[in-house]
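Subject: Structure for you to look at

Hello,

Here is the structure I said I would pass on. Please open it next to this email and follow along.

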Amino acid sequence: MKKSEEPHDFVHLHVHTEYSLLDGACRIRDLVARAASLGMKSLAITDHGVMFGVIDFYKEAKKQGIKPIIGCEVYMAARGRFDKVSGPDTKSSHLILLAKNNEGYQNLMKLVSAGFTEGYYYRPRIDFELLEKHSEGLIALSACLSGDIPAALAAGNAELASRLTLKYKGIFGADFYLELQDAGIAEQKPINSGLIRLAQKHDVPLVVTNDVHYLERGDAKAQDVLMCIQTGKSVSDEGRMQMDTDELYLKSADEMSERFPGFAEAFANTVRIAEACNVEFEFGVTRLPKFGLPEGVGGDAYAYLRALCMAGLKERYAKAETEKIPPEALARMDYELSVIREMGYEDYFLIVWDFIRYARERGIPVGPGRGSAAGSIVSYSLGITNIDPLRYNLLFERFLNPERVTMPDIDIDFCYERRQEVIDYVIQKYGADHVAQIITFGTMAARAVIRDVGRALDIPYGDVDRVAKMIPFQIGVTIDKALELNAELAALYRENPVYKELIDMAKKLEGMPRHASTHAAGVLI
């Protein structure tokens with residue numbers, strides 16, 4: 001190949017935000033802004049095994065005029081996703097998948113979900129069976145040194161590398177690429193030579209990529225400290241997981257051209273891939289599940305909802321046989337139901353009524369209802385709330401207003417000891433493949449990040465504790481704010497280089513997600 005005289009257009013197809021220095025909405029914003037400043041028109045997100053950052057990334061990229069490419073660096077199980085035995089030949093490998101279109105995005109979500117629900121063993125893993133089933137609309141790249149093809153080359157097994165190349169090509173056809181990387185890691189150069197030979201031998205296109213975990217070269221140490229915090233290690237621990245380079249930053253096209261002179265076609269392929277990826281998300285459209293009417297019940301969801309409300313009104317307002325439902329209650333109910341029907345929320349109310357009914361019938365304590373839902377006589381008649389909106393003159397329009405279309409927000413409290421029974425009922429009723437609990441992220445607040453960084457840097461506990469206790473107990477306090485409020489802390493920062501390094505490093509990691517867990521009661525149907 002002839003040496004290129006001009007810098008090439010270049011698209012980063014290998015950017016990680018999850019548990020890297022690019023994690024969190026504000027850092028994603030900085031990432032996209034940095035890409036724009038380097039003249040990039042497209043950028044890909046390829047987190048390891050997850051898609052946590054996709055929506056924030058997509059929105060921010062669109063906002064800043066960068067084309068978002070949605071992807072994932074998936075883990076491939078060595079012997080199938082159901083094999084969960086440890087051993088030297090069971091290490092999972094990496095594979096980059098990028099969505100070309102919305103069908104590809106759907107398939108990518110299916111693969112990532114199956115990695116957790118079927119293949120999880122230390123990591124969410126998929127396998128060739130799943131790839132073959134859900135490959136439509138996806139582009140595949142051979143990944144970094146942890147990809148199975150580079151690993152085979154590193155082990156001197158050229159035959160295995162060829163078999164794997166042909167296998168991926170058989171699944172993805174012209175949408176499979178062999179990746180060339182140079183992040184200052186010695187092993188990459190001989191691997192690149194092997195990949196070039198494979199590309200020529202099997203007529204597979206090459207693509208130049210750059211593995212990105214942080215914005216600038218100077219962030220490498222902070223990334224190292226973050227990895228220590230995540231793995232419970234310190235910087236002095238031998239054999240710990242670490243990145244043996246300071247070049248996993250967002251490089252310019254010029255920097256990449258200097259690393260790969262003569263690879264114009266491989267550079268052009270980054271642009272071709274970016275042009276082929278056109279996923280479009282639709283926001284602001286409400287998609288609600290349907291409530292299955294009981295057998296033998298005629299009519300539609302609205303008719304059933306109205307019948308339940310009528311029965312509930314009678315129970316609430318006309319308990320004696322001779323009593324009649326007050327006209328104002330009937331008029332209020334008819335008005336509310338007309339708004340609910342106009343906004344399309346009949347099924348929503350039936351779903352909420354149903355799982356609250358289930359809980360009460362089984363003696364699971366349920367709260368009386370909080371927030372604006374207490375202003376609805378429909379909620380009151382269904383037993384969703386226990387506060388009479390007519391008696392207390394509560395306004396329905398604070399809850400639902402036809403002039404301001406928003407989802408109903410009903411705050412419900414279940415007994416924490418038996419809450420899972422209600423969740424299990426919802427899963428059983430709507431199907432395990434239609435119900436999921438929401439993820440939640442624990443973040444590193446000011447005091448906590450000081451302690452975490454101190455441990456990772458091997459700073460004596462007493463010194464770290466002294467600094468941490470100088471952070472005021474205030475909601476939302478930051479390290480910068482603490483430096484303004486506490487003169488003693490500011491003096492330590494100015495005068496002591498150990499404390500300065502501790503605080504500077506903590507500021508870089510402050511607010512970042514520390515761990516992921518399952519939300520106690522956030523359930524999506």
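Start with Gln-181, which sits in the loop between strand S7 (176–180) and helix H7 (188–202). Please keep in mind that this is a predicted model. Is Gln-181 buried or exposed? Its relative accessibility is 6%, and buried means under 20%, so Gln-181 counts as buried.

The side chain of Gln-181 makes two polar contacts that you can look up. One is with the side chain of His-14, at 3.5 Å. Another is with the side chain of Thr-209, at 3.0 Å. If neighbours within four places in sequence are left aside, the residues in contact with Gln-181 are His-14, Cys-144, Gln-188, Asn-192, Thr-209, Asp-211 and Phe-260.

Next is Asn-269, in helix H10 (residues 264–276). Asn-269 has a relative accessibility of 5% and therefore counts as buried. Which backbone oxygen does the side chain of Asn-269 reach? That of Leu-206, at 2.6 Å. Leu-206 also appears in the contact list of Asn-269, along with Tyr-177, Pro-205 and Val-207, again with neighbours within four places in sequence left aside.

For a residue that is not buried, go to Glu-397, in the loop between helix H14 (377–382) and helix H15. Its relative accessible area is 32%; buried ends at 20% and exposed begins over 50%, so Glu-397 is partly exposed. Glu-397 and Phe-267 are 130 residues apart along the chain, and their C-alpha atoms are separated by 57 Å.

Now the helices. Two packed helices are described by the angle between their axes and the distance between the axes.

Take helix H13 (residues 346–361) and helix H15 (residues 419–430) as one pair. They pack at an angle of about 130 degrees, and their axes are 10 Å apart. Why are H13 and H15 called oblique to each other? Roughly perpendicular covers 65 to 115 degrees and roughly antiparallel starts over 145, so an angle of about 130 degrees makes the pair oblique. The crossing of H13 past H15 is right-handed. On the H13 side, the contact is made by Ile-351, Asp-354, Phe-355, Arg-357, Tyr-358 and Ala-359. On the H15 side, Glu-421, Val-422, Tyr-425, Val-426, Lys-429 and Tyr-430 make the contact. Sorted by class, the residues of this contact are eight nonpolar, no polar and four charged.

Helix H8 (residues 220–231) and helix H20 are another pair. Their packing angle is about 80 degrees, with the axes 10 Å apart. That angle falls within 65 to 115 degrees, so H8 and H20 are roughly perpendicular to each other. H8 contributes Lys-221, Ala-222, Val-225, Leu-226 and Ile-229 to the contact, and H20 contributes Glu-501, Met-505, Lys-508 and Leu-509. By class, the contact of H8 with H20 has six nonpolar, no polar and three charged residues.

H20 (497–509) comes up again with helix H19. Which residues of H19 (residues 487–495) are buried? They are Leu-489, Ala-490, Ala-491, Leu-492 and Tyr-493. The buried residues of H19 pack against H20, and also against helix H17 (461–468) and helix H18 (479–485). The N-terminal end of H19 is capped by Asn-486, with a side-chain oxygen 3.0 Å from the backbone nitrogen of Glu-488.

Regards

Terms used:
Residues numbered from 1 in each chain as written. Predicted model: local features only at pLDDT ≥ 70, side-chain atom pairs only at ≥ 80, totals over all residues. Heavy atoms only, no water. Helix = DSSP H or I, 4+ residues; strand = E, 2+ residues; numbered from the N terminus. Buried < 20%, exposed > 50% of the residue type's maximum accessible area, 1.4 Å probe, protein only. Polar contact = N/O pair within 3.5 Å; in protein donor to acceptor, adjacent residues only side chain to side chain. Contact = heavy atoms within 4.5 Å. Axes fitted to C-alpha atoms, helices over the stretch in contact; angles between N-to-C directions. Parallel < 35°, antiparallel > 145°, perpendicular 65-115°, else oblique. Left-handed = near helix turned anticlockwise from the far one by under 90°. Nonpolar A, V, L, I, M, F, W, Y, C, P; charged D, E, K, R; others polar.
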